[in-house]
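Open the structure in your viewer and keep the sequence panel visible. The tour goes through a few selections, then steps back to the whole chain.

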Amino acid sequence: DVAVSYVDRLKHEVDWMSAEAAAGRPVEQVHWGGGTPTYLSAEQIEELFDYVRARFSIARGAEIGIEVDPRATNRQQCDVMRRLGFNRLSMGVQDFDPVVQQTVRRVQSYEMVKSLFDYCREIGFESINLDLIYGLPHQTMESFSATLDRIIDIAPDRIALFSYAHVPWLKKQQGSFARHLPEGVEKFRIFALAINKLTGAGYRYIGMDHFAKPDDELCRAQDERTLRRNFQGYTTKANCDLIGMGVSSISGLGDAYAQNRRDLAGYYSAIDSGKWPTMRGVRLSHDDCLRRSVISRILCHCLLVKSEIEAEFGIQFDEYFAPELDGLRELERDGLVQLDADCTRVVGLGRIFIRNVAMVFDSYLRSAAPSGNKAFSKTL
């Protein structure tokens, strides 16, 4: 019943959004996520996909992906998704250790995940990603090493290894986790262990939280410096507008961002009143766009070429970013970056602490929260 009510409202937003989009403008990428879309039945999945496809021009060869929860996904749903044209899957695993699973209330066996993975591979999904989280309560190097061995055995095309974000001021249910969390050096060791094991098994560390097999298009895009990052993570779809629909979704349109209501009641109320469910929007300034480009190049390519930024934005890099260059010199002394006349390279441990390198150029962090108030999770 919840799904029926939600899909009905979502269709209204699809109608409104498609009416605003340029007729015939090709959709290069479709992503169903933001939770567990496979809580919809196979029939609901097909109905909703057909509804979207009838209102947008999905390009031939488009990347069509979906997030699935192995606990709530069956073979019938997989068959329908594949027939509709879905070609990418992302499965949430987090950790296979039973104590960790019980603590975070996400119990799913290795056998369950492996069975669904193998079936999806058998019916022709081109790329399958598995999500892991490091830094979870009760997680140790030994327990996570065993999880990594099983992930390597499954052999996904991509692996996303996210840092557990401990934000009990936003998610009260996390309050009981605090005394069981691996923190500081121990959490770093778990992440370093994962990098060593996954790269030793043939995966390439793309950066931040992604690994991919060497022949994956993410690796090719990084080599060609066409890799980009959006709210879905790393992507090869550069220079595309991102249209988000549904609760909490975020759109990136030109030089603006907009986010939908994050609560179901608020989303329903807006749709039922015939209003866009937008809760907030941000229009980027020239400085925002400049810094976004700089930060994106660092996160995606581990390389920042000053002359490219100067040509694109009409600035003198060393003059415009004089304070930031002082910050980079401090990171250079720590061995995280290498500064040359025309470029900055992220090297060594800088690949692991790449968020901290990028943060040098984020002017909003300096004024994001008053002293003593928490706003963000830790970078590692």
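Start by selecting Asp288, which lies in helix H10, residues 286–301. Helices here are DSSP runs of H or I with at least four residues, strands are runs of E with at least two, and both are numbered from the N terminus. This is a predicted model, in which local features need pLDDT of at least 70, side-chain atom pairs count only at pLDDT 80 or more, and totals for chains, interfaces and linings use all residues. Residues are numbered from 1 along each chain as its sequence is written, and side-chain values use heavy atoms, with hydrogens and water left out.

Is Asp288 buried or exposed? Asp288 counts as buried because its relative accessibility is 12%; buried means under 20% relative accessible area, exposed over 50%, and partly exposed in between, with a 1.4 Å probe and protein chains only. Now show what surrounds Asp288: leaving aside neighbours within four places in sequence, Asp288 is in contact with Arg283 and Tyr364. Contact means heavy atoms within 4.5 Å. Add Asp255 to the selection; its C-alpha atom is 8.9 Å from that of Asp288, and the two are 33 residues apart along the chain.

Next, select residues 2–20, helix H1. This helix has 19 residues and reaches 28 Å from its first C-alpha to its last, close to the 27 Å expected at 1.5 Å a residue, where the expected span is 1.5 Å times one less than the number of residues. Colour the buried residues of H1, among them Val7, Leu10, Val14 and Met17. What do the buried residues of H1 pack against? They pack against helix H2 (42–53), strand E11 (256–260) and helix H9 (264–272).

Keep H1 on screen and select Met245, in the loop between strand E9 (233–235) and strand E10 (250–253). Not counting residues up to four places away in sequence, Met245 touches Leu10, Glu13, Val14, Met17, Phe56 and Asn260. Met245 is partly exposed, with a relative accessible area of 26%. For a longer distance, pick Asp157: its C-alpha atom is 27 Å from that of Met245.

Finally, show the whole protein chain, with its 14 helices and 15 strands. Its C-alpha atoms fill a box of roughly 60 × 50 × 45 Å along the principal axes. Of the 380 residues, 46% count as buried. Residues 24 or more positions apart account for 65% of the contacts with a separation of 6 or more.
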